[in-house]
Amino acid sequence: MGKSLDNDDIGEVDEEEPLLISIINRQGIDDDHHNSENYSILAAILPFLFPALGGLLYGYDIGATSCATISIQSSTLSGISWYDLSSVDIGLITSGSLYGALIGSALAFTIADFLGRRRELIVASLMYLVGALVTGLAPDFPVMVIGRFVYGTGIGLAMHAAPMYIAETSPSQIRGRLISLKEFFIVLGMVTGYGIGSLFVDLVAGWRYMYVASTPIALIMGIGMWWLPASPRWLLLRAIQGKGDMDELRERATACLCRLRGEAIGDSAPAQVNEILIELSYVGEEKEVTIGEMFRGKCLKALVIGGGLVLFQQITGQPSVLYYAATILQTAGFSAASDATRVSILLGLLKLIMTGAAVLAVDRLGRRPLLLIGVSGMVVSLFLLGSYYKFLDDVPALAVASLLLYVGCYQFSFGPVGWLMISEIFPLRARGRGLSIAVLINFGANALVTFAFSPLEVLLGAGILFYVFGAIGVLSLVFIFMIVPETKGLTLEEIEAKCL
């Protein structure tokens with residue numbers, strides 16, 4: 001059982017006064033530092049940058065693997081004797097990291113709150129490093145698949161811990177922007193993977209260089225996370241749950257907060273730490289969450305919001321639309337369409353631009369407007385794509401416009417905002433397990449859509465399938481409008497108190 005906070009722990013509070021009234025009264029004094037949360041931009045960059053490298057390595061794997069599967073099947077350029085791989089073998093190479101990510105997400109459910117966000121990211125960087133080396137230096141196919149699984153485990157851990165660490169260490173004024181930038185890093189990694197893959201694809205054993213090229217980034221990520229401080233909120237959670245000495249953990253949290261905010265925080269760090277402690281005590285964080293509690297009360301509401309968003313993020317057809325990208329551009333007569341890598345780079349650049357627009361808008365417009373605007377555009381584009389394949393196949397410009405509209409709107413809404421919301425919405429004591437479930441839903445739904453697409457296409461046809469995705473998009477709009485709250489400008493503790 002956790003240790004209750006007393007007056008000596010958090011400062012003088014009237015014993016007969018309800019804690020909520022105490023918080024309100026205290027906010028009248030602390031509003032200046034609470035609302036402004038003074039910080040140094042320079043000090044805020046590194047606590048974002050090193051975790052975001054985990055997203056970059058995830059995106060890099062997607063881009064590099066699309067080129068590596070071309071290189072490894074070449075009798076002249078693969079540099080191996082086992083190049084004659086079946087479609088199942090290529091499927092294992094392509095989706096091996098996805099299976100590993102599912103394992104990593106499940107693993108995070110049990111170890112996340114014990115390890116903490118920082119150490120989980122260090123383990124993720126180690127998995128990235130080992131996985132890339134084993135894959136790139138594999139002497140045979142089974143060893144290569146093992147390397148893909150290990151790398152995927154790093155993806156699962158990194159995509160779980162990175163948004164948590166960034167959310168818990170960022171000033172509330174720029175939290176949305178920084179977490180959305182992590183999605184920008186994923187797309188940047190994809191473009192980098194496509195670019196490096198195109199450089200090595202014509203070299204003998206070029207696929208080995210593609211995978212090994214990610215190791216320096218994994219090393220930088222690991223060293224950077226080793227240097228960064230722990231999440232102050234994670235330390236304070238351990239304090240109020242009785243998993244360490246209250247005074248020692250509070251001092252460590254204060255020191256970590258000072259490092260994270262830089263000199264601009266001045267002498268307000270102890271007051272901010274005390275305020276977080278008060279709010280955590282008020283919202284009932286003293287008890288460690290059980291598996292049963294994850295499906296009751298506030299935790300269930302957060303799980304519905306976060307899990308619903310990442311589920312709709314995938315089942316609105318994002319993997320399937322990209323599957324058709326090269327065909328659509330080829331139909332329109334684009335010269336780059338004969339080269340899948342160049343087509344991917346073109347779409348990657350569009351993704352970068354639209355993700356950048358979302359990053360700039362998310363803390364000004366809010367999460368809900370971006371979701372409603374972006375998903376509405378996705379719905380329109382999906383119905384247009386369905387119409388193209390059913391009735392308007394002689395208007396290829398419509399297909400290209402619909403494709404670009406879909407990709408742009410996805411990156412303006414579901415892409416960055418989905419990851420942002422799941423990092424914000426869960427109560428602190430349930431954040432580790434809640435996020436692991438949400439990430440598991442994300443990767444599981446991705447795998448389901450990817451593997452179900454081909455048989456559904458044969459059964460229904462591309463036109464009807466895009467109509468189905470459009471109808472699911474309409475349902476997602478209803479879900480966003482009715483269920484998803486606005487979290488712009490709120491601290492994580494305020495989100496728990498006001499939105500759950």
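**Notes on the predicted all-residue model: helices, cores and a few buried spots**

1. Let's start with Tyr128, which lies in helix 5, the stretch covering residues 117–136. Keep in mind as you read that this is a predicted model. Tyr128 counts as buried because its relative accessibility is 0%, and the cut-off for buried is under 20%. Setting aside neighbours within four places in sequence, Tyr128 is in contact with Gly54, Leu57, Tyr58, Tyr151, Gly154, Ile155, Ala158, Ala218 and Met221. If you want a distance to check on screen, try Tyr128 to Ile217: they are 89 residues apart in sequence, and their C-alpha atoms are 9.2 Å apart in space.

2. Now the overall picture. The protein has 22 helices and zero strands. Of its 500 residues, buried ones make up 59%. The accessible surface comes to about 19,400 Å², and carbon and sulfur atoms account for 66% of that. Take the contacts between residues at least 6 apart in sequence: 84% of them join residues at least 24 apart.

3. Next, the cores. The largest nonpolar core has 103 residues, and Tyr128, Met221 and Phe414 are the ones with the most contacts inside it. Which helix gives the most to this core? That would be helix 6 (residues 141–169), with eleven residues. There is also a second, separate core of 19 residues, with Leu236, Leu237, Ala239 and Leu249 among them.

4. Phe414 deserves its own point, being one of the residues with the most contacts inside the largest core. Not counting residues up to four places away in sequence, Phe414 touches Leu309, Phe312, Gln313, Thr316, Leu371, Val375, Met378, Ser476 and Ile480.

5. On helix packing, I'd look at one pair. Two packed helices are described by the angle between their axes and the distance between the axes. For helix 3 (residues 41–72) and helix 7 (residues 175–200), the axes come within 6 Å and cross at roughly 35°. The crossing of helix 3 past helix 7 is right-handed. What kinds of residues make up the contact of helix 3 with helix 7? They divide into 18 nonpolar, nine polar and one charged.

6. Follow the chain on from helix 7 and you get to Ala205, in the loop between helix 7 and helix 8 (206–212). Have a look at the backbone here: phi of Ala205 is near 60°, a positive value in a residue other than glycine. Is Ala205 buried or exposed? Its relative accessible area is 13%, so Ala205 is buried.

7. Helix 13 (297–315) is next, and the residue to click on in helix 13 is Ala302. With a relative accessible area of 0%, Ala302 is buried. Leaving out its neighbours within four places in sequence, Ala302 is in contact with Gly307, Ile425, Phe426, Pro427 and Leu500. Ala302 and Gly434 are 132 residues apart in sequence, yet 8.0 Å apart in space, C-alpha to C-alpha.

8. Where does Gly317 sit? You'll find Gly317 in the loop between helix 13 (297–315) and helix 14 (318–323). Loop or not, Gly317 counts as buried, since its relative accessibility is 0%. Apart from neighbours within four places in sequence, Gly317 is in contact with Tyr406 and Phe469. From Gly317 to Leu382 the C-alpha distance is 8.7 Å, with the two residues 65 apart in sequence.

9. Last one: Ala447, found in helix 20 (residues 428–460). At 8% relative accessibility, Ala447 counts as buried too. Ala447 and Pro319 are 128 residues apart in sequence, and 9.2 Å separates their C-alpha atoms.

Key:
Residues numbered from 1 in each chain as written. Predicted model: local features only at pLDDT ≥ 70, side-chain atom pairs only at ≥ 80, totals over all residues. Heavy atoms only, no water. Axes fitted to C-alpha atoms, helices over the stretch in contact; angles between N-to-C directions. Helix = DSSP H or I, 4+ residues; strand = E, 2+ residues; numbered from the N terminus. Left-handed = near helix turned anticlockwise from the far one by under 90°. Nonpolar A, V, L, I, M, F, W, Y, C, P; charged D, E, K, R; others polar. Buried < 20%, exposed > 50% of the residue type's maximum accessible area, 1.4 Å probe, protein only. Contact = heavy atoms within 4.5 Å. Core = buried A, V, L, I, M, F, W, Y, C linked by side-chain atoms within 4.5 Å. Areas by Shrake-Rupley, 256 points an atom, 1.4 Å probe, with all protein chains shown as cover.
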